[in-house]
Amino acid sequence: MGVSPFLRRAYELARPHHTHPNPRVGAVVVDPEGRVLGEGAHQGPGSPHAEVVAVEGAGQARGCTVYVSLEPCTHHGRTPPCADMLIEAGVARVIVGALDPDVRVSGGGVEKLRAAGIDVEVADDPEARLVDPAYFRHRETGMPAVTIKYAMTLDGSAAAVDGSSQWITSEVSRLDAHELRSSVDAVVVGAGTLRTDDPGLDVRLPDYHGPQPRPVILAGVGELPPAARIWKREPLVVSATDRDLPGGELVVVAGDRLPDPAATCRALADLGLLSLMLEGGAAVAGAWWSAGVITDGVAYVGAVMGGGSGIQPVMGRFETIGDARSVRVSDVRRIGDDIRIQFVVED
């Protein structure tokens with residue numbers, strides 16, 4: 001017996017929304033005859049939870065089944081507990097995609113519903129985790145999900161020796177990269193990228209009106225360019241030392257001259273930034289790869305040959321094949337004239 005289409009609909013409702021540090025959650029109310037009476041999704045901190053939106057949309061849910069992507073909550077926060085609301089609404093059955101991975105509350109919602117006489121089924125569906133993998137990773141490890149994104153030539157260079165890289169990939173690939181940005185909480189670059197490229201680190205898509213990712217700058221010992229346009233966006237600047245800034249907010253973490261990657265990730269996750277995109281440059285990518293904090297990635301391979309050794313996308317020494325780490329290639333597709341490769345770090 002497969003996963004119910006109503007549960008899959010709950011996943012679909014949840015996915016588009018930016019809710020961190022809260023989880024993405026979707027819910028569907030179905031009457032005993034199998035008719036959908038209401039559905040909804042949590043849209044962000046302080047807004048009603050998915051179960052509340054769905055039950056209110058249904059008008060009444062007594063005797064109905066509620067399909068919800070994640071276990072209903074039992075704690076009082078900005079909104080009342082969803083488990084209490086479902087009990088008061090008189091629902092007969094609740095189908096849950098996955099238990100909450102937060103060990104402090106996991107299972108509490110299911111237990112409370114069952115104690116009230118409600119039939120509860122936990123699907124324990126792997127797809128439920130994929131609705132919000134960053135939330136699951138953070139609650140299980142304290143770390144955010146980190147996606148590395150880079151472009152390279154067919155012969156493996158992210159830039160020429162002089163640092164030039166515009167444009168290795170096509171405009172279609174660059175638009176796709178902006179779609180990726182629109183799905184994360186923050187975009188992270190090193191100070192070298194800030195000095196060289198003066199990036200905006202924002203989503204620039206036609207007719208895009210969604211939230212912008214928080215820009216994050218990793219500062220070393222050098223001065224940061226005071227005229228960079230990023231200061232208008234109030235970035236977070238992560239540094240291993242206290243320092244004055246032209247703008248934005250300083251976050252001081254452990255590190256020897258450079259901020260430690262793991263300490264940086266924990267600090268950003270503590271600020272509610274659970275999904276990060278690492279965009280450069282090669283030295284930062286190498287440090288974060290070596291630290292083991294990268295969880296997945298997207299590589300754009302442009303229809304361009306460098307014809308020699310340029311700057312690789314990930315800097316560092318590859319001493320022996322035993323140093324290689326396994327990844328699972330989850331998607332390969334042609335995009336314009338380029339190839340887009342998506343992967344997950346297995347270990």
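**Entry 1: Ser239**

I looked up Ser239 and found it in strand β9, which spans residues 236-239. The model I am reading is a predicted one. I then asked whether Ser239 is buried or exposed. Ser239 has a relative accessible area of 1%, so I recorded it as buried. Leaving out residues up to four places away in sequence, I listed what Ser239 touches: Ala219, Leu250, Val251, Val252, Val253 and Pro259. I also checked Gly220, which is 19 residues from Ser239 along the chain; the two C-alpha atoms are separated by 6.6 Å.

**Entry 2: the sheet that holds β9**

I next traced the sheet and noted nine strands in the order β10-β9-β8-β7-β11-β6-β12-β14-β13. The sheet is open and its pairing is mixed. Which strands lie at the edges? I found β10 (249-252) and β13 (327-335) there, each pairing on one side only. On average, neighbouring strands of this sheet are turned by 20° against each other, direction ignored.

**Entry 3: strand β12 and its partners**

I turned to β12, residues 296-301. Six of its six residues are buried, so I noted β12 as largely enclosed by the rest of the structure. I sorted these residues by direction: Asp296, Val298 and Tyr300 point one way, while Gly297, Ala299 and Val301 point the other way.

I then examined the pairing of β12 with β6 (residues 145-152), which is parallel and runs over six bridges. Within this pair, Thr147 stands opposite Asp296, and Ala151 has Tyr300 as its bridge partner. With β14, strand β12 pairs in the antiparallel sense, again over six bridges. There I found Val301 opposite Ile339 of β14.

**Entry 4: helix α10 over the sheet**

I checked what helix α10 (residues 282-291) lies across. The strands are β6, β7 (186-190), β8 (214-218), β11 (275-280), β13 and β14 (338-345). I noted that α10 runs at about 135° to β11.

**Entry 5: a nonpolar patch**

I looked for nonpolar surface and recorded a patch of about 310 Å², made by Val327, Val329, Val332 and Ile339. Which strand gives the most to the nonpolar patch? Strand β13 does, with three residues. I followed up Val332, which lies in β13. Its relative accessible area is 53%, and the cut-off for exposed is over 50%, so I entered Val332 as exposed. Ile339, another member of the patch, is the residue I had already placed opposite Val301.

**Entry 6: helix α2**

I moved to helix α2, residues 50-58, and asked which of its residues are buried. I listed Ala50, Glu51, Val52, Ala54, Val55 and Ala58. In an α-helix there are 3.6 residues a turn, so residues three or four places apart point the same way. I then looked for what covers the buried residues of α2; the cover includes β1 (26-30), β2 (36-41), β3 and α3 (82-89). Just after α2, I noted that Gly59 takes a positive phi of about 90°.

**Entry 7: Thr65**

I closed with Thr65, which is placed in strand β3, residues 65-70. Strand β3 is among the elements I had noted as covering α2. Thr65 has a relative accessible area of 15%, and the cut-off for buried is under 20%, so I recorded Thr65 as buried. What is Thr65 in contact with, leaving aside its neighbours within four places in sequence? I found Val28, Val29, Val30, Arg93 and Ile95.

Conventions:
Residues numbered from 1 in each chain as written. Predicted model: local features only at pLDDT ≥ 70, side-chain atom pairs only at ≥ 80, totals over all residues. Heavy atoms only, no water. Helix = DSSP H or I, 4+ residues; strand = E, 2+ residues; numbered from the N terminus. Buried < 20%, exposed > 50% of the residue type's maximum accessible area, 1.4 Å probe, protein only. Contact = heavy atoms within 4.5 Å. Pairing = 2+ DSSP bridges. Axes fitted to C-alpha atoms, helices over the stretch in contact; angles between N-to-C directions. Patch = residues over 30% accessible without salt bridge, like charges linked within 9 Å, V, L, I, M, F, W, Y side chains within 5 Å. Areas by Shrake-Rupley, 256 points an atom, 1.4 Å probe, with all protein chains shown as cover. Salt bridge = Lys/Arg side-chain N within 4 Å of Asp/Glu carboxyl O.
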